[in-house]
Amino acid sequence: MLSNLAVRDIETLVHPYTNLATHRETGPLVLESGKGVYVYDSAGKEYIEGMAGLWCTALGYSNQELIDTATEQMKKLPFTHIFGGRSHDPAIELAEKLKEIAPVPISKVFYGASGSDANDTQVKIVWYMNNALGRPQKKKIISRLKGYHGVTVASASLTGLPNNHIDFDLPLPGILHTSCPHHYRFAEPGESEQDYSSRLAAELEEMILREGPDTVAAFIAEPVMGAGGAITPPDGYFEKINAVLAKYDILFISDEVITGFGRTGNMFGTTTYGMNVDTISLAKQITSAYFPLSAVLMNDKVYEVLVDQSRKIGTFGHGNTYAGHPVGCAIAVKTLEIYQRDKIVEHTRKVSPTFLRRLEKLAEHPLVGEARGVGLIGGVEIVKDKVTKAPFETKKGVGPKSVFFAQEEGLITRAMGDRVAFCPPLVITEAEIEEMFDRYERALNKTLAWVKAEGLLAA
Ligand SMILES: Cc1ncc(COP(=O)(O)O)c(C=O)c1O
């Protein structure tokens, strides 16, 4: 029986990333409040937020310092834009802080309001820069299958997932996708992680040579793939990719929208994987998701081209109204202060072994083929046959079913096909991690019983 709120939801909303047809029957999960790593639905049921919202509420819910900061900034100056050279203290302070903590030398910061628009900015800067440099043919951007970079026209093109392309007439021409670096799923039998990484780097090089190196401008990658299934890269991957990019003068964009600010056990995933990048996209944990804000960090090589171009043609014609919103910037400054004061990276490293131990233990379950993570992010892959790695038919929805049972058990997590992700708020304690995985183990057992009852193992 659907609640009154659920009925009103169905009658009024088109939900992002939702099966719009089944939603009409199942209705929404209506959340009402949150505290720490817990959220509560409209009936008062408690859940551990095992996905930190959408990989973003690093400091958990009801953080009073962030609420106070937002309130104070709202009272002082709720809005001013930064077009035409206007500015404000929080935007400047945040940019200084970001430059200070950035994993590679950064010259300047360009603000936006979402991860998607940050990546659109990246695409536009790459195109603009190469026109400015007098090489208009050097425009192609290489992304990866299963990479996730957003949903706007350009960022959805970078995204390498079918549902973001089918019937949207995407990807745009000139955006290419190289192989997904998922050793469990795509390595040859017996192929080591290092050998697999070498093969992927060679494939990337072949693609560049096939397209013509003077037509390929940039490569974009998430340090850990998020929406593609919480996939950590194989050993040696980024080192080998870096070498190929350097050989052909190809700009490297790190999409740290999920991995930025402690998630992988370093302040940035770029550091965790030794990536030598030119620009970085940031969002989500930059404000612990208490306000929409994103940032593109660029090195001197990129910035100098933009300035030179302004000397020639005038205005840098890009940016949106809420770029550098003072409330968002003030919250971000406070968030970064809390991360440093409360040693969030150290905390992540301290609790990560418990997270990884419990995550990896899930691989003992009859339904789990792979369980792997880093820091406080990871994923499991549900399979029909652990020996052959044979998957269930996607349309049977076994992964989503386990997420449904997890919800019954008081845990919010997310299925991407039959991969299920865990990405709790970074403030989670060891005891809460144990509780989170206890709940998911119970959900997996219910899933196994359901799979058997449905006869899916034999099918
Ligand atoms: C790596 C990555 N890039 C970009 C985005 C898009 O961010 P947004 O949803 O804020 O547009 C996401 C969202 O999950 C992401 O995970």
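Here are some questions and answers about this predicted model, from the ligand site out to a few loops.

Q: Which residue has a side-chain N or O atom 2.5 Å from an oxygen atom of the ligand?
A: Start with the residues around the ligand, which include Ser 114, Gly 115, Ser 116, Asn 119 and Lys 284. The ligand oxygen has a side-chain N or O atom at 2.5 Å, and that atom belongs to Ser 116.

Q: Which residue puts a polar side-chain atom 2.7 Å from a nitrogen atom of the ligand?
A: Ligand nitrogen turns up in two contacts here. One goes to the backbone, with a polar atom of Tyr 148 at 3.5 Å. The other goes to a side chain at 2.7 Å, and its owner is Asp 255.

Q: How much of the ligand's accessible area does the protein cover?
A: Taken on its own, the ligand has 390 Å² of accessible area. With the protein around it, the covered share is 84%.

Q: Which element gives the most residues to the shell around the ligand?
A: The shell divides into 3 nonpolar, 6 polar and 3 charged residues. The top contributor gives 3 residues, and that element is H6.

Q: Which strands help cover the buried residues of H12?
A: H12 runs over residues 300-313 and spans 20 Å, close to the 20 Å expected. Its buried residues are Val 302, Val 305, Leu 306, Val 307 and Gln 309. Helix H6 (115-132) is part of their cover, and so are strands E8, E9 and E10.

Q: Which residue caps the N-terminal end of H12?
A: Look at the backbone nitrogen of Lys 301: a side-chain oxygen sits 3.3 Å away from that atom. At the other end, H12 is followed by Gly 314, with a positive phi near 95°. The N-terminal cap, which supplies the side-chain oxygen, is Asn 299.

Q: Is His 88 buried or exposed?
A: You'll find His 88 in the loop between helix H4 (64-76) and helix H5 (89-101). Beyond its sequence neighbours, His 88 touches Thr 80, Ile 82, Gly 324, His 325, Pro 326 and Cys 329. Its relative accessibility is 6%, and the cut-off is under 20%, so His 88 counts as buried.

Q: Which residue is joined to Leu 170 by a cis peptide bond?
A: Omega for this bond is about 5°. The partner lies in the loop between helix H7 (153-158) and strand E6 (175-178). That partner is Pro 171.

Q: What is the relative accessible area of Asp 249?
A: Asp 249 has a positive phi, near 55°, without being a glycine. Its place is the loop between helix H10 (237-247) and E8. Asp 249 is partly exposed because its relative accessible area is 40%.

Q: Where does Lys 343 lie?
A: Lys 343 isn't a glycine, yet its phi is positive, about 50°. At 48% relative accessibility, Lys 343 counts as partly exposed. Its place is the loop between helices H13 (326-341) and H14 (344-361).

Q: Which residue, 363 places away along the chain, has its C-alpha 4.2 Å from that of Gly 410?
A: Gly 410 lies in the loop between helix H15 (398-408) and strand E13 (411-412), and counts as buried because its relative accessibility is 3%. Apart from its sequence neighbours, Gly 410 contacts residues including Lys 45, Glu 46, Ile 48 and Arg 439. The residue with its C-alpha at 4.2 Å is Tyr 47.

Definitions and conventions:
Residues are numbered from 1 along each chain as its sequence is written. This is a predicted model: local features need pLDDT of at least 70, side-chain atom pairs count only at pLDDT 80 or more; totals for chains, interfaces and linings use all residues. Side-chain values use heavy atoms; hydrogens and water are left out. Helices (H or I, at least four residues) and strands (E, at least two) are DSSP runs, numbered from the N terminus. The expected span of a helix is 1.5 Å times one less than its number of residues. Buried means under 20% relative accessible area, exposed over 50%, partly exposed in between (1.4 Å probe, protein chains only). Contact means heavy atoms within 4.5 Å. A polar contact is a pair of N or O atoms within 3.5 Å; within protein, one must be able to donate a hydrogen and the other to accept it, and residues adjacent in sequence count only if both atoms are side-chain atoms. A residue is near a molecule or strand if one of its heavy atoms lies within 4 Å of it. Accessible areas come from the Shrake-Rupley method with a 1.4 Å probe; for residues, only the protein chains shown count as cover. Ala, Val, Leu, Ile, Met, Phe, Trp, Tyr, Cys and Pro count as nonpolar, Asp, Glu, Lys and Arg as charged, and the others, Gly among them, as polar. Lists of a residue's contacts leave out its neighbours within four places in sequence.
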